[in-house]
Amino acid sequence: MPEHHPYRIATRRGDLHLIWRPGAGDEPDTLAVDGRGRLLAFHDVETLAGHCERQGWDLVTGEAATLDLEGVREWAEDPRRGTARPWPLLDAWNFFEDLARSVSVPLPPQGAAHDAAYEKFFDADDGAQPWTAQEAAAVRDLLSAGLALWDAVRGPGHENGQCRKNT
């Protein structure tokens, strides 16, 4: 049985707790969705835990991973104003890929600039070369698309337990 981990998304509109499932072997990571493909999201960990228990899912307890999307949003809108550090941007990139895969809504295609920028995340602490203008634009575009997907999935009609899926 796969593990399920609480994953907190912090935004100005309030925190939501999702269920993240690491992929086994070469399988991709996903977020839990309901039978209609809607993202499962909860306002608190206790409700999330109750849902997992009712489903018979193994919830790995402990401190939930947290992604603060506000710093990511600020950086995507204007990198000179934004305060996001490299690791939160990388976490957001990975989260948006998991989100897109989970709700079956693709992100824009990625190319060589994305690949080069992604690799530089891992060397950021070692004084790596900064992104080229093309790489920075690719990261901004991908994160902006991910934020738009998050906003669409979360939407104003969010109810405890499910976020809608927009296609």
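Visitor: In which helix is the place of H51?
Guide: Ground rules first: this is a predicted model, where local features need pLDDT of at least 70, side-chain atom pairs count only at pLDDT 80 or more, and totals for chains, interfaces and linings use all residues. Residues are numbered from 1 along each chain as its sequence is written, and side-chain values use heavy atoms, with hydrogens and water left out. Helices (DSSP runs of H or I, at least four residues) and strands (runs of E, at least two) are numbered from the N terminus. On that numbering, H51 belongs to helix α1.

Visitor: Is H51 buried or exposed?
Guide: The yardstick is relative accessible area: under 20% is buried, over 50% is exposed and in between is partly exposed (1.4 Å probe, protein chains only). The value for H51 is 14%, so this residue counts as buried.

Visitor: What does H51 touch, not counting residues up to four places away in sequence?
Guide: Touching here is a contact, with heavy atoms within 4.5 Å. With the sequence neighbours set aside, the partners of H51 are I19, L40, F42 and W57.

Visitor: Which elements are included in what covers the buried residues of α1?
Guide: Helix α1 covers residues 45-55, and L48, G50, H51 and C52 are buried in it. The cover over these residues includes β1 (3-10), β2 (16-21), β4 (41-42) and β5 (58-59).

Visitor: Which residue caps the N-terminal end of α1?
Guide: Look for a polar contact: a pair of N or O atoms within 3.5 Å, where within protein one must be able to donate a hydrogen and the other to accept it, and residues adjacent in sequence count only if both atoms are side-chain atoms. Here a side-chain oxygen lies 3.2 Å from the backbone nitrogen of E46. That oxygen belongs to the cap, D44.

Visitor: Over the face of which residue does R21 lie?
Guide: A charge sits over a ring if NZ of Lys or CZ of Arg is within 6 Å of the ring centre and within 35 degrees of the ring normal. R21 lies 5.6 Å from the ring centre of W57.

Visitor: Which residues form the aromatic cluster with W93?
Guide: Rings of Phe, Tyr and Trp (its six-membered ring) pair if their centres lie within 6.5 Å; planes under 30 degrees apart are stacked, over 60 edge-to-face and the rest tilted. The structure has 10 such pairs. Joining W93 in one cluster are W75, W87, Y118, F121, F122 and W131.

Visitor: How many residues apart are W93 and F121?
Guide: Their rings meet edge-to-face, 5.9 Å centre to centre, with 85 degrees between the planes. Both residues are buried. W93 is in helix α3 (residues 86-102) and F121 in helix α4 (residues 112-121), a link between distant parts of the chain, and the gap is 28 residues.

Visitor: And Y118, which pairs with F121, what is its relative accessibility?
Guide: Y118 and F121 are also edge-to-face, at 6.2 Å centre to centre and 80 degrees between the planes. Both lie in α4, 3 residues apart, about one turn of the helix. F121 is buried, at 1%, whereas Y118 counts as partly exposed because its relative accessibility is 21%.

Visitor: Which element gives the most to the largest nonpolar core?
Guide: A nonpolar core is a set of buried Ala, Val, Leu, Ile, Met, Phe, Trp, Tyr and Cys residues joined through side-chain atoms within 4.5 Å. The largest has 32 residues, and L18, F95, F96, L99, L143 and W150 touch the most other members. Two or more residues come from each of β1, β2, α2 (69-77), α3, α4 and α5 (133-154). The top contributor, with 8 residues, is α3.

Visitor: The side chain of H114 reaches the backbone oxygen of which residue?
Guide: H114 is in helix α4, and it counts as buried because its relative accessibility is 11%. Leaving out residues up to four places away in sequence, H114 touches W93, P109, A138 and L142. At 3.4 Å, the side chain of H114 reaches the backbone oxygen of A138.

Visitor: What is the phi of S104 near?
Guide: S104 lies in the loop between α3 and α4. With a relative accessible area of 54%, S104 is exposed. Its phi is positive although the residue is not glycine, near 55 degrees.
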